[in-house]
Amino acid sequence: MNKKLHISGHVLLGLATVAGFGVAVMLLWNALVPSIFGIAAINFWQALGLFALCRILFGGFVGGGKLFAFGHHHFHKNLIREKWMKMTPEEREEFIRRRHFGHGFGHFNPDFFNKEGASEKED
């Protein structure tokens, strides 16, 4: 019985959270959009639908936002640079050869990813 009460508490908390976001969207929309853009005010159900649409387009329902992922640190890393630094010189040459860097838009400098400084060689 305690487990059912615990689960029902989570369900009620989830519903209250969704309703709270719906009310927040409705209040913000009705306070800002009609006066700025001259668009009609919306009701609670329209606000809840707008909230769901925004979550689908921009945030998803599981795992956080896609565009505005403030808590996700993998967006702040330079993954290409980390991969480059772990490569051997032979792997770097192969990577450059396969990717055709330097063709069309100028010369590719392989030392670009090396923070210790560029090499002194001239091409």
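Start by selecting the buried residues of α1, which pack against α2 (44-59). They are G22, M26 and V33; buried here means under 20% relative accessible area, exposed over 50%, and partly exposed in between, with a 1.4 Å probe and protein chains only. Helices are DSSP runs of H or I with at least four residues, strands are runs of E with at least two, and both are numbered from the N terminus.

A word on what you have loaded: this is a predicted model, in which local features need pLDDT of at least 70 and side-chain atom pairs count only at pLDDT 80 or more, while totals for chains, interfaces and linings use all residues. Residues are numbered from 1 along each chain as its sequence is written, and side-chain values use heavy atoms, with hydrogens and water left out.

Now show the whole of α1, residues 2-37. Its 36 residues should span 52 Å at 1.5 Å a residue, and the end C-alpha atoms are 51 Å apart, which agrees; the expected span is 1.5 Å times one less than the number of residues. Centre on W29 next, where α1 bends by about 30 degrees. That bend is the angle between axes fitted to the seven residues ending there and the seven starting there. Then step to G38, just after α1, which takes a positive phi of about 75 degrees.

Next, turn on the aromatic side chains: the structure holds three aromatic pairs. Rings of Phe, Tyr and Trp (its six-membered ring) pair if their centres lie within 6.5 Å; planes under 30 degrees apart count as stacked, over 60 as edge-to-face and the rest as tilted. Select F44 and W45 for an edge-to-face pair, 5.1 Å centre to centre with 75 degrees between the planes. F44 is partly exposed, with a relative accessible area of 22%, whereas W45 is exposed at 65%.

Move on to W84 and F95, also an edge-to-face pair, with 6.1 Å between centres and 70 degrees between planes. W84 sits in helix α3 (residues 79-86) and F95 in helix α4 (residues 89-99), so the pair ties together parts that are 11 residues apart in sequence. Both W84 and F95 are buried.

Finally, zoom out to the full protein chain. There are four helices and zero strands, running α-α-α-α from the N terminus. Of the 123 residues, 15% count as buried. Switch on the surface: the chain exposes about 10,300 Å², with carbon and sulfur atoms supplying 67% of it, as computed by the Shrake-Rupley method with a 1.4 Å probe.

Key. Contact means heavy atoms within 4.5 Å.
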